[in-house]
Amino acid sequence: MPQTTVAQAFADFRDKLAFFIRKRVSRIEDAEDILQECFYQFARVNEIGKPVEQTAAWLYRVARNLIINRYKKRQETQLPSVHGDDDANFLDEISDVVFGEETTPETEYLRGLVLDEIENAVNELPSEQREVFELTEYYDMPVKEIAKNTGVSVNTVLSRKHYAVLHLRKTLKELYANIVQK
């Protein structure tokens with residue numbers, strides 16, 4: 001498979017990539033910087049002899065990572081970092097990212113990423129834990145009612161919910177650390 005040159009990649013992908021980036025950042029100057037950095041990194045990879053096999057996918061992945069990194073730098077001073085096992089404020093901080101009042105293209109993009117990760121984490125749960133978590137959190141169903149409807153004890157329902165929450169905290173803590181810390 002022939003290697004795509006920087007000039008070819010620029011001609012083929014510049015406009016679409018620029019549109020992709022501009023939809024996700026609020027300032028045109030930032031979008032231009034990110035676009036230039038994408039093609040700079042592509043040129044560097046080509047220089048060191050590591051040809052990119054799927055040019056479009058590679059460029060979009062680099063653009064996405066640069067957008068996230070730019071957002072991280074802006075948010076570093078606003079959000080506290082995650083330390084140790086202190087989960088008390090952690091879920092509130094994730095909620096601030098997802099449900100915050102700021103509505104810029106960057107925050108909307110980040111919200112989408114966070115919501116996708118939450119959905120993925122919930123889908124990773126064993127079916128019994130997922131069911132209990134969804135019923136309690138999404139449908140506000142009381143634990144006693146879930147126990148009655150499923151034919152298991154209240155303690156079993158609570159245990160399933162506990163393990164589901166532990167898994168979600170672990171998964172979201174990693175996500176939060178990736179958003180806030182470099």
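**Reading a helical model: helices, core and an aromatic pair**

Author: Tyr60 counts as partly exposed, because its relative accessibility is 25%. This value, like those that follow, was computed from a predicted model.

Reader: How many helices and strands does the protein chain have?

Author: The protein chain contains eight helices and zero strands. Read from the N terminus, the order of elements is therefore α-α-α-α-α-α-α-α.

Reader: What share of the residues in the protein chain is buried?

Author: Of the 182 residues in the protein chain, 36% are buried. The surface that the chain exposes amounts to about 11,400 Å², and carbon and sulfur atoms supply 50% of that area.

Reader: How should one read the buried residues of a single helix?

Author: The general idea concerns the helical turn. An α-helix has 3.6 residues a turn, so residues three or four places apart point the same way. In the present case, the buried residues of helix 1 are Ala9, Phe13, Leu17, Ala18, Phe20 and Ile21. At Phe13, helix 1 also bends by about 55 degrees.

Reader: Which residues have the most contacts inside the largest nonpolar core?

Author: They are Leu17, Ile21, Ile34, Cys38, Trp58, Leu59 and Ile67, in a core of 29 residues. Two or more residues of this core come from each of helix 1 (6-22), helix 2 (28-47), helix 3 (55-75), helix 5 (105-124) and helix 8 (154-180). Helix 3 gives the largest share, eight residues. Another core lies apart from this one; it has six residues, among them Ala121, Leu125, Phe133 and Ala164.

Reader: Which residues does Leu17 touch, not counting those up to four places away in sequence?

Author: Leu17 touches Leu35, Cys38, Phe39, Leu59, Tyr60 and Ala63. For the protein chain as a whole, consider contacts between residues at least 6 apart in sequence: 64% of them join residues at least 24 apart.

Reader: How does one read a pair of aromatic rings?

Author: Such a pair is described by the distance of the ring centres and the angle of the planes. A search of the whole structure finds three aromatic pairs. In one pair, that of Phe20 and Tyr60, the ring centres are 5.0 Å apart and the planes stand at 80 degrees; the pair is edge-to-face because an angle over 60 degrees counts as such. This pair links distant parts of the chain, since Phe20 belongs to helix 1 and Tyr60 to helix 3, 40 residues apart.

Reader: Is Phe20 buried or exposed?

Author: Phe20 has a relative accessible area of 16%, so it is buried. Its partner Tyr60, at 25%, is partly exposed. The cut-off that separates these two descriptions is 20%.

Technical notes
Residues numbered from 1 in each chain as written. Predicted model: local features only at pLDDT ≥ 70, side-chain atom pairs only at ≥ 80, totals over all residues. Heavy atoms only, no water. Core = buried A, V, L, I, M, F, W, Y, C linked by side-chain atoms within 4.5 Å. Buried < 20%, exposed > 50% of the residue type's maximum accessible area, 1.4 Å probe, protein only. Helix = DSSP H or I, 4+ residues; strand = E, 2+ residues; numbered from the N terminus. Contact = heavy atoms within 4.5 Å. Phe/Tyr/Trp six-rings, centres within 6.5 Å; stacked < 30°, edge-to-face > 60°. Bend = angle between axes of the 7 residues up to and from the residue. Areas by Shrake-Rupley, 256 points an atom, 1.4 Å probe, with all protein chains shown as cover.
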